[in-house]
Amino acid sequence: MGATVTTEATEVRGDARGPLNVSYGKMMMWYFILSDSLTFCGFLVGYGFTRYKFMDTWPIADEVFNHFPFLHGVDAPMYYVALMTFILIFSSVTMVLAVDAGHQMKRKKVATYMFLTILGGLVFIGSQAWEWKNFINGSYGAVETTGGSILQFVGEDGKQIALADFAVVDPNKKDATLTRANATWFVNGPSKSTYSLAEVQAGFDANPTIRIRTQKTTDAKHKEILSREASVERLKDAVLVVEGANLIRNEYGHKTFADFFFFITGFHGFHVCTGILINIIIFFNVLLGTYDRRGSYEMVEKGGLYWHFVDLVWVFVFTFFYLV
């Protein structure tokens, strides 16, 4: 009777051996990772085809992801994304050490390395939130033409300048604050920008050194810059001021660029959040001695499989979305 009870309890925990002498719990984790890999593959393949189709007008990643905390105004292309990647990979190392300590049944070491893994995950997801904030708010602003093209502005030296640097704000402009008494509910149309098209046009006319930079890529690291005369003609097609990014339009260039950024990094960020939650649950179970009583730290190993998968996916995202 005692042997029967032990066997049933083992099966409930998922420690029972299945095919290939692997526990059912670990095998289910592998199935989940395999199926989830196909989802990420779909995202990245779709991104690859779209980028290839619009290669001539795709934004240059070095110009978009060039922020770094406490270095406002400093051009730091990819520095922070590289740091985020290092932090996530380092958290994978601490997870490996936690799994190894679990094999040796060293509870304190498992708890220490699990804590470091959770900390690394929290820093990464916080960094990703900061990156999203910068991406959504934007840095320079642009205008959109009737054909949907994005036009950016550059100074005499060819470097991009912000709308705030030259737009002429109407001194009589008043921003009305909608109150409950005079508000209009469910107003349709694009969100209100900081500057109107007329203010941007006035600033452009008042600064003869400003030129237009189009979406067209001339080589790997440069966009087409029009002459002043061509810029004046091109700006006549502008219909809308664009600041930052959303799912409909963005100031960086092609519309689908922001869509893929939000979906791919957002879906990965969701996995990181889930991994952090799983690791926290495992961490407290380690502190409570749950796995010592079971005589196995396999749950740490299964959590490690998921965490390594999340890290590996980010390496592909970092390579194909940011670097290539």
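Is Ile-89 buried, partly exposed or exposed, and what is its relative accessibility? Ile-89 counts as partly exposed, because its relative accessibility is 41% and the partly exposed class lies between 20% and 50%. The model is predicted.

**Nonpolar patch**

Ile-89 sits in helix 4, which covers residues 79-103. It belongs to a nonpolar patch on the surface. The other members are Leu-312, Val-315, Phe-316, Phe-320, Leu-323 and Val-324. Together the patch residues have about 630 Å² of accessible area. Which helix gives the most to the patch? Helix 10, residues 298-323, does so with five residues.

**Helix packing**

Helix 2 spans residues 24-53 and helix 8 spans residues 255-287. The two pack at an angle of about 165°. Their axes are 11 Å apart. Helix 2 is therefore roughly antiparallel to helix 8, since angles over 145 degrees fall in that class. The crossing of helix 2 past helix 8 is left-handed.

**Salt bridges**

How many salt bridges are counted? The count comes to eight. The table gives three of them, including the N to O distance for each.

| Pair | N to O distance |
|---|---|
| Asp-292 and Arg-107 | 3.7 Å |
| Arg-249 and Glu-144 | 2.9 Å |
| Lys-236 and Glu-233 | 3.2 Å |

Take the salt bridge between Asp-292 and Arg-107. This pair links distant parts of the chain, 185 residues apart. Asp-292 lies in helix 9, residues 290-294. Arg-107 lies in helix 5, residues 107-137. Asp-292 is partly exposed, with a relative accessible area of 32%. Arg-107 also counts as partly exposed, at 36%.

Next comes the salt bridge between Arg-249 and Glu-144. Here the partners are 105 residues apart, again linking distant parts of the chain. Arg-249 is in the loop between strand 5 (238-242) and helix 8. Glu-144 is in strand 1, residues 142-145. Is Glu-144 buried or exposed? Glu-144 counts as buried, because its relative accessibility is 7% and the cut-off for buried is under 20%. Arg-249 is partly exposed, with a relative accessible area of 21%.

Lys-236 forms its salt bridge with Glu-233. Lys-236 is exposed, at 56% relative accessible area. Glu-233 is partly exposed, at 47%. Elsewhere, salt bridges that share partners join Glu-144, Arg-249 and Lys-255 into one network.

Methods: Residues are numbered from 1 along each chain as its sequence is written. This is a predicted model: local features need pLDDT of at least 70, side-chain atom pairs count only at pLDDT 80 or more; totals for chains, interfaces and linings use all residues. Side-chain values use heavy atoms; hydrogens and water are left out. Patches are made of residues with over 30% relative accessible area and no salt bridge: like charges are joined within 9 Å, nonpolar side chains (Val, Leu, Ile, Met, Phe, Trp, Tyr) within 5 Å. Accessible areas come from the Shrake-Rupley method with a 1.4 Å probe; for residues, only the protein chains shown count as cover. A salt bridge is a side-chain nitrogen of Lys or Arg within 4 Å of a carboxyl oxygen of Asp or Glu. Helices (H or I, at least four residues) and strands (E, at least two) are DSSP runs, numbered from the N terminus. Buried means under 20% relative accessible area, exposed over 50%, partly exposed in between (1.4 Å probe, protein chains only). Axes are lines fitted to C-alpha atoms, for helices over the stretch in contact, and angles run from 0 to 180 degrees between N-to-C directions. Angles under 35 degrees count as roughly parallel, over 145 as roughly antiparallel, 65 to 115 as roughly perpendicular and the rest as oblique. A crossing is left-handed if the near helix is turned anticlockwise from the far one by less than a right angle, and right-handed if clockwise.
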